[in-house]
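User: Please take a close look at one residue in this model. Tell me what surrounds the residue, then set the site in the context of the whole chain.

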Amino acid sequence: MAKFVCDTDEVSTIGDNISKAASDISAAIKNYSNNSENALSGWDGDAKKSFLTANNEHVKVANSDSEFIDALGKFVKESAQAIDELEGELSNLKI
């Protein structure tokens, strides 16, 4: 079929790559958080509590960003599919 708008296979691949990047970021965040908490295992008191509180807030924000990136990847992929479907309809028109 003719490609009137874009190469939807390429756009779909980009969506997959964005979602994979989000997954990689999420794994890195989890690894960072675990390593930080393990490094503080010997700490005690206000310094540890203060660091963990700040760290948990940063992790929460980073996870939220990772979820947004994943949603963006899914949106790109769904958009490519919708464009492909519309192109199929256009290609069937007899003008």
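Which residues does Ser66 touch, leaving out those up to four places away in sequence? Is Ser66 buried or exposed?

Analyst: In this predicted model, Ser66 touches Ala22, Ile25, Ser26 and Ile29, with residues up to four places away in sequence left out. Ser66 itself sits in helix 2, which covers residues 46–91. Its relative accessibility is 5%. The cut-off for buried is under 20%, so Ser66 counts as buried.

Take Ser26 next, one of the residues that Ser66 touches. Ser26 belongs to helix 1. Seen from Ser26, the contacts are Asn63 and Ser66, again without residues up to four places away in sequence. Ser26 has a relative accessible area of 32%, so it is partly exposed, whereas Ser66 is buried. A distance adds scale here. From the C-alpha atom of Ser26 to that of Ala80 is 25 Å. Those two residues are 54 apart along the chain.

Now the charged pairs. The count of salt bridges is four. One of them joins the side chains of Lys77 and Asp16, at 2.8 Å from N to O. Lys77 is in helix 2, while Asp16 is in helix 1, residues 8–39. The two are 61 residues apart in sequence, so this pair ties together distant parts of the chain. Lys77 is partly exposed, at 37% relative accessibility. Asp16 is partly exposed too, with a relative accessibility of 37%.

Another salt bridge lies within helix 1. The side chains of Lys20 and Asp24 meet there at 3.1 Å, N to O. These two are four residues apart in helix 1, so about one helical turn separates them. Asp24 has a relative accessible area of 41% and is partly exposed.

Helix 2 has a pair of this kind as well. Glu57 and Lys60 form a salt bridge, with 3.6 Å between the closest N and O atoms. They are three residues apart in helix 2, so the separation is about one helical turn. Glu57 is partly exposed, its relative accessible area being 43%. Lys60 reaches 55% relative accessibility; the cut-off for exposed is over 50%, so Lys60 counts as exposed.

Step back to the whole chain. The protein chain holds two helices and zero strands. Its radius of gyration is 22 Å. The globule rule gives 12 Å for 95 residues, so the chain is more spread out than a compact globule. The C-alpha trace spans about 75 × 15 × 10 Å along its principal axes.

Burial and contacts complete the picture. Of the 95 residues, 18% count as buried, and Ser66 is one of the buried residues. Consider contacts between residues at least 6 apart in sequence: 82% of these join residues at least 24 apart. The Lys77 and Asp16 pair, 61 residues apart, also spans a long stretch of sequence.

Last, surface and charge. The protein chain exposes about 6,900 Å², and carbon and sulfur atoms supply 57% of that area. The chain carries 9 positive and 17 negative charges. Their mean positions are 5 Å apart.

To return to the site: Ser66 is a buried residue in helix 2. It touches Ser26, which lies in helix 1 and is partly exposed.

Definitions and conventions:
Residues numbered from 1 in each chain as written. Predicted model: local features only at pLDDT ≥ 70, side-chain atom pairs only at ≥ 80, totals over all residues. Heavy atoms only, no water. Buried < 20%, exposed > 50% of the residue type's maximum accessible area, 1.4 Å probe, protein only. Contact = heavy atoms within 4.5 Å. Rg over C-alpha atoms; globule rule 2.2 N^0.38 Å. Areas by Shrake-Rupley, 256 points an atom, 1.4 Å probe, with all protein chains shown as cover. Lys, Arg positive; Asp, Glu negative; His and termini not counted. Charge placed at Lys NZ, Arg CZ, Asp CG, Glu CD.
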